[in-house]
Amino acid sequence: MSEKRPRRLAVLIDADNASARIASGLFEEIAKIGEASVRRIYGDFSAPQTKSWTDVLAKFAIIPQQNFAYTTGKNACDIALVIDAMDLLHSGRFDGFCLVSSDSDFTRLAARIREHGVDVFGFGEQKTPESFRQACLRFIYTENLLPPVATNEAATVLAVTPLKPPKTATALIKKAIAQLESEDGWVHLGPVGAQLSNLTSDFDPRTYGAKKLSDLVRQTNAFDLEQADGRPLRIRIRQPLPQKVIA
């Protein structure tokens, strides 16, 4: 029996709306999803602002799609990306698309690809408009893909600053738990993670400074966790302690 092949992905990068600093983290993240069979980037590579991308193209096997900025303010790069995306979509060779941009102009493109039954994974900054984020099956903030910053050169201590405080995830996690059937309040953590992704395409524990969901849950101090006899981790909303009755 042959092994199941990984998802075949088309990675399309908007050089005007993505930093080259994310390149390494970007392709590490994409490797978790599938195989980046097509890697294209769109921009005017004669312009100084795209030089940082030019320096990493060969390292990550990204094919530049040159679009000269003949007229200021025109979106030739966006149009070229959309045309290529539709050509690749109708080739029927891809299981998913990775759209790397913070531009809401790609909202309709993402929706159109998903209407065709193909998954879309978005990558953009936290400022990306909600319309584009929600049009994607999953949306990953590129701030979470940047390398950690050294805070102590002598000890080489690396730190990651969370985009949001952990406690701000409490309400969303409670909502996910409430939507899962349970007689005693306990649910397995795996289905909770899946439900969180269903509720909001951009949910990511790294946004809250946690490597994984279980770490985030612990940091909120709002839930009980239980794992017995090697079974999957379970979670429930922490119950308030009973108040003492004063006679």
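This dialogue explains how to read several features of the structure shown above.

Visitor: What kind of model is this, and how are its residues numbered?

Guide: This is a predicted model, in which local features need pLDDT of at least 70 and side-chain atom pairs count only at pLDDT 80 or more, while totals for chains, interfaces and linings use all residues. Residues are numbered from 1 along each chain as its sequence is written, and side-chain values use heavy atoms, with hydrogens and water left out.

Visitor: How many helices and strands are there in the protein chain?

Guide: Helices (H or I, at least four residues) and strands (E, at least two) are DSSP runs, numbered from the N terminus. The protein chain has 8 helices and 11 strands.

Visitor: What percentage of the residues is buried?

Guide: Buried means under 20% relative accessible area, exposed means over 50%, and partly exposed lies in between (1.4 Å probe, protein chains only). Of the 247 residues in the protein chain, 42% are buried.

Visitor: How should one read the pairing of strands in a sheet?

Guide: Strands of a sheet pair through backbone hydrogen bonds, either parallel or antiparallel. Two strands pair if DSSP finds at least two bridges between them. In this structure, an open sheet of 6 strands is paired in parallel, in the order E3-E2-E1-E4-E5-E6. Strand E3 (63-66) and E6 stand at the edges with a single partner strand each, so one side of each has no neighbour in the sheet. Neighbouring strands of this sheet are turned by 20° against each other on average, direction ignored. (Axes are lines fitted to C-alpha atoms, for helices over the stretch in contact, and angles run from 0 to 180 degrees between N-to-C directions.)

Visitor: How many bridges pair E5 and E6?

Guide: E5 and E6 are joined in the parallel sense over 4 bridges. Phenylalanine 123 stands opposite isoleucine 140 in E6.

Visitor: Which strands form the antiparallel sheet?

Guide: That open sheet has 3 strands in the order E9-E11-E10. Its edge strands are E9 (187-188) and E10 (223-226), each pairing on one side only. E10 pairs with strand E11 (residues 234-237) over 4 bridges in the antiparallel sense, and aspartate 224 stands opposite arginine 236 in E11. E9 and E11 also run antiparallel, joined by 2 bridges; here valine 187 stands opposite isoleucine 235 in E11.

Visitor: How does one describe two packed helices?

Guide: Two packed helices are described by the angle between their axes and the distance between the axes. H3 and H4 pack at an angle of about 5°, with 11 Å between their axes. They are therefore roughly parallel to each other. (Angles under 35 degrees count as roughly parallel, over 145 as roughly antiparallel, 65 to 115 as roughly perpendicular, and the rest as oblique.)

Visitor: Which residues meet where H3 and H4 pack?

Guide: Contact means heavy atoms within 4.5 Å. Leu81, Val82, Ala85, Met86, Leu89 and His90 in H3 meet Leu109, Arg112 and Ile113 in H4. By class, this contact has 7 nonpolar, 1 polar and 1 charged residues. (Ala, Val, Leu, Ile, Met, Phe, Trp, Tyr, Cys and Pro count as nonpolar, Asp, Glu, Lys and Arg as charged, and the others, Gly among them, as polar.)

Visitor: Which residues of H4 are buried, and what do they pack against?

Guide: In helix H4 (residues 107-115), the buried residues are Thr107, Leu109, Ala110 and Ile113. They pack against helix H3 (76-91), strand E4 (96-100), strand E5 (119-124) and helix H5 (130-135). Just after H4, glycine 117 takes a positive phi of about 85°.

Visitor: Where does serine 201 lie, and why does it count as buried?

Guide: Serine 201 is in the loop between helix H7 (189-199) and helix H8 (213-220). It counts as buried because its relative accessibility is 6%. A polar contact is a pair of N or O atoms within 3.5 Å; within protein, one must be able to donate a hydrogen and the other to accept it, and residues adjacent in sequence count only if both atoms are side-chain atoms. A polar atom of the side chain of serine 201 lies 2.6 Å from the backbone oxygen of arginine 133.

Visitor: Is threonine 220 buried or exposed?

Guide: Threonine 220, in helix H8, is buried, with a relative accessible area of 2%. Leaving aside neighbours within four places in sequence, threonine 220 is in contact with Pro166, Lys167 and Thr170.
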